[in-house]
Amino acid sequence: MPKIHGIKKLTENPFVNLYHLQVENRKGNPGSYYVASRAKTLQELELNTRKQSPDGVLIYSLYGENADRVVLVRQYRYSIDDYIYEFPAGLVEPGENFREAAVRELREETGLTLTPLSVDEKFEKPYYTTIGMTDESCCTVYGYASGQVNLDRLEDSEELEVVLADRREVDRILREERVAIMCSYMLMHFLHDREPFAFLKSSEITDS
């Protein structure tokens, strides 16, 4: 089994930091590995605490009288110097419940009001985003959005537009646009399932 022999924090940033790991691979050879993390100290790294808590939250919400549109944001990202389609999302504040964070983030990013669904834990528990690069994990909150789009609460660092996409537009987006992978899978559900949230109806799995 690979081993970690030492960890050094390389940056001092408010939202994400880079850590250098001195490692030994399964054949005993030494090497280096780099991990980006929301953790602000060595002690808070998940590989030290062994505890997983959500760093952020994604919001998959349906909009309209017939719930026939999905709420997306088309947001500029420095990492690709371009716009990409994503779900509204944000960080969970210390001491904040991730469902509360979802309501707050949707309001801040879009002006819309989120009514979360109550779903089985397996659908909304934190899952890792890009485990080869970071220990970051996010919960997904599902629900219905209402109200009018309003961007007055956006931070200066956020450059985005809100897209209330019907199935025809979702089909175009998946074919032609840059899309975040976690968002793309849910858009495939939305595109092809008559009832987009049908998969959330948990049923007990039994051996046949």
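Start by selecting Ser 61, which sits in strand S4 (residues 56–63); helices (H or I, at least four residues) and strands (E, at least two) are DSSP runs, numbered from the N terminus. At 0% relative accessibility, Ser 61 counts as buried, where buried means under 20% relative accessible area, exposed over 50% and partly exposed in between (1.4 Å probe, protein chains only). Now show what surrounds Ser 61: setting aside neighbours within four places in sequence, its contacts are Arg 69, Val 70, Val 71, Leu 106, Leu 114, Gly 143 and Ala 145. Contact here means heavy atoms within 4.5 Å.

Some housekeeping before you click on. This is a predicted model, with local features needing pLDDT of at least 70 and side-chain atom pairs counting only at pLDDT 80 or more, while totals for chains, interfaces and linings use all residues. Residues are numbered from 1 along each chain as its sequence is written, and side-chain values use heavy atoms, with hydrogens and water left out.

Next stop, helix H2. Select residues 98–110: at 1.5 Å a residue, these 13 residues should span 18 Å, and the end C-alpha atoms are indeed 18 Å apart. (The expected span is 1.5 Å times one less than the number of residues.) Colour Phe 98, Ala 101, Ala 102, Glu 105, Leu 106, Glu 109 and Thr 110, the buried residues of H2. Look down the axis of H2 and those buried residues fall within an arc of 130°, so they line one face of the helix; the arc is taken from the directions from the helix axis to the C-beta atoms.

Which side-chain oxygen reaches the backbone nitrogen of Arg 99 at the start of H2? One from Asn 97, to within 2.7 Å. Just after H2, click on Gly 111, which takes a positive phi of about 85°.

Now for the charged pairs. Side chains of opposite charge can pair when their charged atoms come close. The structure holds 15 salt bridges, each a side-chain nitrogen of Lys or Arg within 4 Å of a carboxyl oxygen of Asp or Glu. While H2 is still on screen, add Glu 96, Arg 104, Glu 105 and Glu 108, which are linked in a network of salt bridges.

Then select Arg 74 and Glu 161, whose side chains meet in a salt bridge (3.1 Å, N to O). Arg 74 lies in strand S5 (residues 69–77) and Glu 161 in strand S11 (residues 160–165), so the pair ties together parts that are 87 residues apart in sequence. Arg 74 is partly exposed at 23% relative accessibility, as is Glu 161 at 37%.

Move to Asp 82 and Arg 178, another salt bridge, with the closest N and O atoms 3.2 Å apart. This pair also links distant parts of the chain: Asp 82 is in strand S6 (residues 82–86) and Arg 178 is in the loop between helix H4 (167–176) and H5, 96 residues apart.

From there, step to Ile 181 in helix H5 (residues 181–192). Buried or exposed, would you say, for Ile 181? At 51% relative accessibility, Ile 181 counts as exposed. Add Glu 86 as well: Ile 181 and Glu 86 are 95 residues apart in sequence but 8.6 Å apart in space, C-alpha to C-alpha.

Finish by selecting residues 50–187, where UniProt places the feature "domain: Nudix hydrolase" in an unreviewed entry. The end C-alpha atoms of this span lie 32 Å apart, and the span is 25% helix and 34% strand.

Key:
A polar contact is a pair of N or O atoms within 3.5 Å; within protein, one must be able to donate a hydrogen and the other to accept it, and residues adjacent in sequence count only if both atoms are side-chain atoms. UniProt positions are given in the numbering used here, feature names are shortened, and annotations may be inferred rather than shown by experiment.
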